[in-house]
Amino acid sequence: MTTKPLKRQREPDDDDVVSTACSSAETASTTILDLPTELIEYICCCDSLKLIDVFNLAVSHSKLNNCLFHERNSCLWKSKFIQKYGPLDSEEYEIVIDKKSTWKDEIMLRLRFDKAVPAEIIQMPSRYMKLKNVPYHVYPFGEYLNSENEGHRYYILSATLSYYKQLQSNESRYSNLDILYAAHQFLIYSCQVYFGYKLSHFLSLPPAEQIVERGFHLLGRWWCPTVNTLYRDINKSLNNIAINVYNRIHLTNPAHPLFEYEDCLEQVIERGKYNIDHDLFNETSSIIILETMKQIIFSNEQLVCYCNNDLNCFLLQQVIDRRKGSVSLLCVIFESVARRLGVKVRLTATSVHNFISWSSSWPGNKHKKPTCYLVDIANGGVMRKATVCPVSGKLPEHFNANSIVDLFWMFSKTVEQLTVENLSTYKYVLDFQKLLKPGDSEVELKYQKFHQYYDYCQCPLLRSPSNPSAPHHVDEKDIMYTDWEEIFPSVPKTRGEKHDPKYAIGMMIDIIAMGNGSCSSIVTKRGIVVGWTRVPSNNPLPNPTVYHVLVRPDHYTTAKYLNPVIKAIWEGRYEKLQRQLKPHEYNFKNIGKFFTHFSHELGAFMPINDLAQLYPDDLSYTISKSSNLDYKVKPFTGPHVVPKY
């Protein structure tokens, strides 16, 4: 058998090796498109991928678009919602997820509001310029603000508050007074609606479920909308006080029954979420807790504040932070901390005093009539035995614990006296009293007289008792300024006539009452020109022009903060007009209704576009009068020109 010699095989060159390797790699490679939907969704849930990254990924390929955007109730959209807006807080708002509303729908809706709310606010100055009242009845987003879905109401409030904070922190706030004013008014409106529903729900709960600090937190948010304090922050602060008391007792009395269980500290935190029916410890142990609380809470001698001009003394979080405030809120703090430590005290409020009463309610008590103590909060938490009736053996009736409604009522009466000179807050107090006692004749009389005199729009939640799920604005009317047709003419007013106005819109003027003989002249009013009207040539006035002036609020006109007051003024025999160049005298909130910013170069406020178009020649006139003003205006430049919201 013959064999053929073997031929030497050709060795592959480098190109063949690379080609084969690439072919094998292509066969073995896997892209994201090859992954199952569940795994793609899991990858997109990672915190490293932002919401915008998911959107970009979805539009890059049809398969990714289908698996991401068509997964409706997936954990993906919930994770991205939390990633963008923070952890879910059921104390702040509840999100309803069902067949009609999915996590995808919720995040898309909230994203839409984040853009739509600022866009609407920007349009408000020109849209509502002619209205004297704050137009609650025509404000946008009513369908969502009064939705049965609490989450949708919260989205509007959240978007408004975020935009308001952005305006406040932005340097451009000095040139956007009009938008800041509109955002402030819409924030007040949306906050009152949102927390009005929350308060109504709270008051409808059974007494056993009404956590007192929760109620006073909602009340503070109701009448002070710009203070954005979350309930979880208040809860955390109260927990910290309780933990300090816990640690002090553990240091001085480690055998106290408070420490019987391994998770005793966790129980202290947990008791902040509910009311307790009775004391958890005997009388001696409970007194130790109350005495230690006195040492911790009342370490500051100036704890109680009796001022009548500081609203911070009536806001729960501010009182906790400052360790100073009204007696009523100090009582709330005391009750909240005592409850966390297992002691059930009773809050009592009368027209004169606020105090705490306590008698042992421990189920193991052998005494049928345990000693009753009064905790004098106004005197640093001192405990003293209460005087009981010698016949019945009971406390006087007014020492009995009050309901939440009673506590709210007495608290609102106190704040009512505080805010009588700041009627924008006084309005919210009256609204709350009507919400609290809708059938009270005294409240109804005050409420009607207030709204009749001051032209405020009524609280949206009080408009229709027959339909509590949504406000009723049918009987609310637009309230126009007295001379609105002259201030906002249908045909623009131009200059170039014989008797042109001496002052232009945006200029600041003083109204000076001329003295007789040795009497000096007195500035009676100050304001900013919003419009002007020529009077007939046969008029005996030396300067035949009537100016419509946005009047600067004084001690007696603070009630008009929500309703800018425009007065018609003119020069006469006993009154003269004089231009003013000090802008810090004009930092009241109403400026933003008609003006965008103060121009230091021109020594005047710049009107919003819609107002400027009604007086097209006034800007050039102001510029012509500004050549010698620079040296006068310069010393008054600075942030003090900006209204304080």
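This is a walk through the structure shown above, from the whole protein down to a few single residues.

Keep in mind as you look around that this is a predicted model. Let us begin with the overall picture. The protein has 645 residues, and 50% of them count as buried. Its secondary structure comes to 22 helices and 11 strands. The surface that the protein exposes is about 32,700 Å², with carbon and sulfur atoms supplying 52% of that area. You can also ask how the chain meets itself. Among contacts with a separation of 6 or more, 68% are between residues that are 24 or more positions apart.

Now step inside. In soluble globular proteins, nonpolar side chains tend to be buried together. Here, the largest nonpolar core has 130 residues. The residues with the most contacts inside this core are F186, F216, W223, M293, V337 and L341. Helix α9, which covers residues 177–204, gives the most to the core, namely 15 residues. Try finding F186 in the structure and looking at what surrounds it. Leaving out residues up to four places away in sequence, F186 touches V117, I121, M124, Y139, P140, F141, L145, I156 and T160. Apart from the largest core lies another one, of 35 residues, and M129, Y481, M507 and M508 are among its members.

One of the residues touched by F186 deserves a visit of its own: F141. You will find F141 in the loop between α6 and α7, where α7 spans residues 142–145. Is F141 buried or exposed? Its relative accessibility is 15%, and buried means under 20%, so F141 counts as buried. The backbone of F141 is worth a look too, since its phi is near 65°, a positive value in a residue other than glycine.

Next, move to the helices towards the start of the chain. Helix α2 is made of residues 37–44 and helix α4 of residues 62–69. These two helices pack at an angle of about 75°, and their axes are 10 Å apart. Angles of 65 to 115 degrees count as roughly perpendicular, and α2 and α4 are therefore roughly perpendicular to each other. Where they meet, T37, I40 and C44 come from α2, while L64, C67 and L68 come from α4. In α4, the buried residues are L64, C67, L68 and F69. The buried residues of α4 pack against α2 and also against α3 (51–58), α5 (75–85) and α6 (103–127).

Our next stop is a sheet. Four strands form an open sheet in the order β1-β2-β3-β4, with antiparallel pairing. Its edge strands are β1 (346–349) and β4 (382–385), each of which pairs on one side only. From one strand to the next, the twist averages 30°. Helix α13, residues 283–297, packs on this sheet and touches β2 (354–359), β3 and β4. The direction of α13 makes about 155° with that of β2. While you are at this helix, look for E291, which lies in α13. E291 is partly exposed, with a relative accessible area of 29%. I249 is 42 residues away from E291 along the chain, yet their C-alpha atoms are separated by 10.0 Å.

Stay with the sheet a little longer and follow β3 into β4. Strand β3, residues 372–376, pairs with β4 in the antiparallel sense over 4 bridges. L374 stands opposite R384 in β4, and D376 has V382 in β4 as its bridge partner. Together β3 and β4 form a hairpin with 5 residues between them. In the turn of this hairpin, G380 has a positive phi of about 80°.

To finish, visit two residues in strands further along the chain. I511 sits in strand β5, residues 508–513, and is buried, with a relative accessible area of 4%. I511 and G527 are 16 residues apart in sequence, and 8.4 Å separates them in space, C-alpha to C-alpha. T545 belongs to strand β7, residues 545–551. How buried is T545? Its relative accessible area is 0%. Which residues is T545 in contact with, leaving aside its neighbours within four places in sequence? They are H499, P501, W532, T533, V535, I569 and W570.

Technical notes: Residues numbered from 1 in each chain as written. Predicted model: local features only at pLDDT ≥ 70, side-chain atom pairs only at ≥ 80, totals over all residues. Heavy atoms only, no water. Pairing = 2+ DSSP bridges. Axes fitted to C-alpha atoms, helices over the stretch in contact; angles between N-to-C directions. Contact = heavy atoms within 4.5 Å. Buried < 20%, exposed > 50% of the residue type's maximum accessible area, 1.4 Å probe, protein only. Areas by Shrake-Rupley, 256 points an atom, 1.4 Å probe, with all protein chains shown as cover. Core = buried A, V, L, I, M, F, W, Y, C linked by side-chain atoms within 4.5 Å. Parallel < 35°, antiparallel > 145°, perpendicular 65-115°, else oblique.
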